[in-house]
Amino acid sequence: MAEPAARLWPRAIAHADLDQFYAAVEALDFPELRGKPVIVGGMPGGRGVVSTASYEARKFGVHSAMPSSQAARLCPQAIWREPRMERYAEKSREVRAVFARYTDLIEPLSLDEAFLDLTGSQRLFGAAETIARRIKEEILEETGLVASVGLAQNKSLAKIASDIRKPDAFVVVQPGAAEAAAFLAPLPLGRLWGVGPKTEARLREWGLRTVGDVARWDAERLARRLGRASAEELQALARGEDDRPVVSEEAPQSIGRENTFAEDIHADGELERELLAFAEDVATRLRARGLQAGGVTLKVRFGDFTTLTRAEQFEEPTDLAEALHAAGVKLLRAKVGRQGRGVRLIGLTATRLAPRTEAAATLFPDEKAVKQRRVADTLDRLRVRFGDEAVTRARLLEGRARNTGTPSDA
Ligand code: TTP
Ligand code: MG
């Protein structure tokens, strides 16, 4: 276990982008187009624009969003095709089916482009590089399309990596601040995700040429010129720092867990410990999906099968086990009215889910929450390395030893 675990990445994000997507599908379906300058878009007679061009046509200067009339002048020998969106959507679904084999954390950006969070996948399928490589190969084998794939410790780096050596690229930025910096430093500023031509032009005026130049520039000086928030954001990106989560399109409505006991439970402490295990599990799943809960629902079934649910909303959305547990315990104590009855089933569900906001992730108002988040992040990393069981059990043993029923202060 120790050896393979050492190779697992603390965070592994892949970005996949199909090469010359619409044109590639046309060439797949009509082999006579292969190797030819193909332009997919509105026909040049009208006022249409180019959707995409094959690499052969791009040599003539043709690119996406260019007026078709101009493209026809640049590349008179081009073969023109009207877009067939249904077909592209179908191929897109085939590609996504390959992704879905390896992770359920898939964030599509368009039909031909997606982020994949492979962090947790490593436990099942091995190191992130192996998984990303396999995804690229299976896309080609099963769909006939070529994907360029970037793998890195975060979204921003992965996106740059997939793009930098297109076509048919497989670029890995090894985890670590030094690796990220070395990868980014020589790149032109326009490569940074979020730096458009306007910003780039301003930065060039100040003598900044490469991403490395921005990373090294005096922070105060940059803050005076761009405003503090933008300057900090830009320098973080230039250093390769980016903790935005991969957010799957079909975010679940709720995430919960429940358990039916072999024998009815009477002791409060035991029920509250059970809720702690659920809170840990639910919070881990929230964080893995980049979600926060706006509320929590407690479900209790008594020995006589009467069932009730009680709900509570949070003032601030959360993805921390402590908050979920505290809310569950509060509901159990104050809102259930057990009157000595034994409990047959108990469940805890996080509700009102929404993508985690950066503000909530970084600007915790109080020290305790900061500490809880640090613990949660550590637990997430340990789970990646050693599996849920090891970590969960340790937490619960701790609660059990003290037997207080409020291990949230741990
Ligand atoms: P892209 O991934 O930007 O382009 P691409 O896949 O054709 O080429 P590359 O190898 O550089 O990735 O966009 C994916 C598809 O989206 C593209 O095939 C056509 C469509 N598209 C438009 O219709 N209009 C546009 O302006 C762009 C940029 C893309
Ligand atoms: Mg593409």
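This report walks through two helix pairs, a ligand site and two unusual backbone spots.

The model is a predicted one, so local features are given only at pLDDT of at least 70 and side-chain atom pairs only at pLDDT 80 or more, while totals for chains, interfaces and linings use all residues. Residues are numbered from 1 along each chain as its sequence is written, chains are lettered from A and ligands numbered from 1 in the order in which they are written, and side-chain values use heavy atoms, without hydrogens and water.

**Two helix pairs**

Helices here are DSSP runs of H or I with at least four residues, and strands are runs of E with at least two, numbered from the N terminus. Let's start with helix α8 (residues 155–164) and helix α9 (residues 177–184), which pack at an angle of about 40 degrees with axes 12 Å apart. Because of that angle, α8 is oblique to α9; angles under 35 degrees count as roughly parallel, over 145 as roughly antiparallel, 65 to 115 as roughly perpendicular and the rest as oblique. Axes are lines fitted to C-alpha atoms, for helices over the stretch in contact, with angles from 0 to 180 degrees between N-to-C directions.

On the α8 side, Leu 157, Ile 160, Ala 161 and Ile 164 meet Ala 180, Phe 183 and Leu 184 of α9, where contact means heavy atoms within 4.5 Å. These residues divide into seven nonpolar, no polar and no charged. Ala, Val, Leu, Ile, Met, Phe, Trp, Tyr, Cys and Pro count as nonpolar, Asp, Glu, Lys and Arg as charged, and the others, Gly among them, as polar.

The axes of helix α12 (residues 219–226) and helix α13 (residues 228–238) come within 7 Å and cross at roughly 130 degrees. That makes α12 oblique to α13. The α12 contact residues include Leu 222 and Leu 226, and those of α13 include Ala 231 and Leu 234. Here the split is six nonpolar, two polar and two charged.

**The ligand site**

Ligand 1 is surrounded by 14 residues (a heavy atom within 4 Å). Gln 20, Thr 52, Tyr 55, Arg 58 and Asp 112 are the closest. The table gives polar contacts, which are pairs of N or O atoms within 3.5 Å.

| Backbone partner | Distance to a ligand 1 oxygen |
|---|---|
| Leu 18 | 3.1 Å |
| Gln 20 | 2.7 Å |
| Phe 21 | 3.0 Å |

**Backbone spots**

Most residues other than glycine have a negative phi, and most peptide bonds are trans. Lys 166 and Pro 167 are joined by a cis peptide bond, with omega about -5 degrees. Ala 65, not a glycine, has a positive phi of about 75 degrees.

Note on methods: A polar contact is a pair of N or O atoms within 3.5 Å; within protein, one must be able to donate a hydrogen and the other to accept it, and residues adjacent in sequence count only if both atoms are side-chain atoms.
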